[in-house]
Amino acid sequence: MSTPLNGKTALVTGSTSGIGRAIADALAERGAHVIVSGRNAERGEQAVAGIREAGGKADFIAADLASADSARALAEQARAVTGQIDILVNNAGVFPEGFTVDTAEDVFDTVYNTNVKAPFFLVAALVPAMIERGSGAVVNISSFAADKAAPDRAAYSSSKAALNNLTKAWAKQYGPSGVRVNSVAPGPVLPEEVQAAIAGDPRASAVLDALPARRFGLPREIGAAVAYLASDDAAFVHGAFLSVDGGAGLA
Ligand SMILES: NC(=O)c1ccc[n+]([C@@H]2O[C@H](COP(=O)([O-])OP(=O)(O)OC[C@H]3O[C@@H](n4cnc5c(N)ncnc54)[C@H](OP(=O)(O)O)[C@@H]3O)[C@@H](O)[C@H]2O)c1
């Protein structure tokens, strides 16, 4: 268990399901007040209820991260809950399959709006107050696909490469003011129930055969990595890319 996060407020985008929900759970378990966000209010309230039942603190704010304005509005509403955001996790992401020639403009725009533009304007909205306080942590959720490049998801993998570049730029710019910016790069991660449902499927087996870990990752394994980077245990960690990918990113 990493250093507690008591007294901190964390905004986790895309925490209505999957990895984001596990990140929200991990931060709340360590004492942070978590702002759960996403478009789906029903799943968002379920995530909040789960955290509260476990003794943690959480609130849900609905947001469709389709524009700079929606990112700014989420930042403003999230800040109003406790008065400040100490930890920002840019997790919301979309990853549609499709070769370049088959990718429609609106799909490309959705990928870049969600995966790049939203983190960009959330950082712009929330980091200045962190700088004033002299502390804060931003964790961007990237992907092993960012460096490898995925021909059948070129828009997606390039969006994560752009996010990696932003991680470096922000780490250089904001580190001297006490704001650490880091990244976690998951490999193939699926909730336990999904793993059980696809067991034996030839496509799943092909993924596992190519993976040194020979298994899919679990969302909580990403949550633990984010909790570490957000905590004071990682006080000397700036601009890091932490692969939690079962070896998927290896050449
Ligand atoms: N799972 C993997 O194998 C894997 C591997 C590498 C990287 N990643 C990265 O990990 C992150 C989470 O992935 P996941 O597997 O947990 O996916 P997921 O289960 O599909 O969850 C995606 C989350 O993003 C939110 N979201 C999507 N579009 C949004 C929008 N326009 N506005 C606001 N929220 C939006 C969704 O919330 P709503 O539906 O409520 O809007 C949902 O909570 C992504 O950035 C993904 O690229 C995942």
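In the predicted model, strand S1 (residues 9–12), helix H1 (residues 18–29) and strand S2 form a β-α-β unit of right-handed sense. The two strands of this unit, S1 and S2, run parallel and are joined over four bridges. Within this pairing, Thr9 lies opposite His33 of S2.

A second right-handed β-α-β unit follows, built from S2, helix H2 (residues 41–53) and strand S3 (residues 57–62). Here too the pairing is parallel, with six bridges between S2 and S3. Strand S2 thus takes part in both units, being paired with S1 and with S3.

S2 spans residues 33–38 and is mostly covered, as six of its six residues are buried. In a regular strand, side chains alternate between the two faces of the sheet. In S2, His33, Ile35 and Ser37 point one way, whereas Val34, Val36 and Gly38 point the other way. Both sets are buried.

Val36, a residue of S2, was examined further. Its relative accessibility is 0%, and Val36 is therefore classed as buried, the cut-off being under 20% relative accessible area. The bridge partner of Val36 in S3 is Phe60. Phe60 is also among the residues in contact with Val36 when neighbours within four places in sequence are left aside. On the same criterion, the contacts of Val36 include Asp59 and Ile61, as well as Val12, Ser15, Thr16 and Ala24. The remaining contacts are made with Gly44, Ala47, Val48 and Ile51. Of these residues, Val12 belongs to S1 (residues 9–12), Ala24 to H1 (residues 18–29), and Gly44, Ala47, Val48 and Ile51 to H2 (residues 41–53). Asp59, Phe60 and Ile61 fall in S3 (residues 57–62). For Val36 and Ala47, which are eleven residues apart along the chain, the C-alpha atoms are separated by 7.4 Å.

A further position, Ser135, was considered outside these units. Ser135 is located in the loop between helix H4 (105–133) and strand S5 (136–141). With a relative accessible area of 30%, Ser135 is partly exposed, because this class lies between the limits of 20% and 50%. Apart from neighbours within four places in sequence, Ser135 is in contact with Met130, Ser177, Gly178 and Val179. Met130 lies in H4 (105–133). Pro176 is 41 residues away from Ser135 in sequence, and the C-alpha to C-alpha distance between the two is 10.0 Å.

Methods:
Residues are numbered from 1 along each chain as its sequence is written. This is a predicted model: local features need pLDDT of at least 70, side-chain atom pairs count only at pLDDT 80 or more; totals for chains, interfaces and linings use all residues. Side-chain values use heavy atoms; hydrogens and water are left out. Buried means under 20% relative accessible area, exposed over 50%, partly exposed in between (1.4 Å probe, protein chains only). Contact means heavy atoms within 4.5 Å. Two strands pair if DSSP finds at least two bridges between them. A crossover is right-handed if, with the strands pointing away from the viewer, the path from the first strand over the helix to the second runs clockwise.
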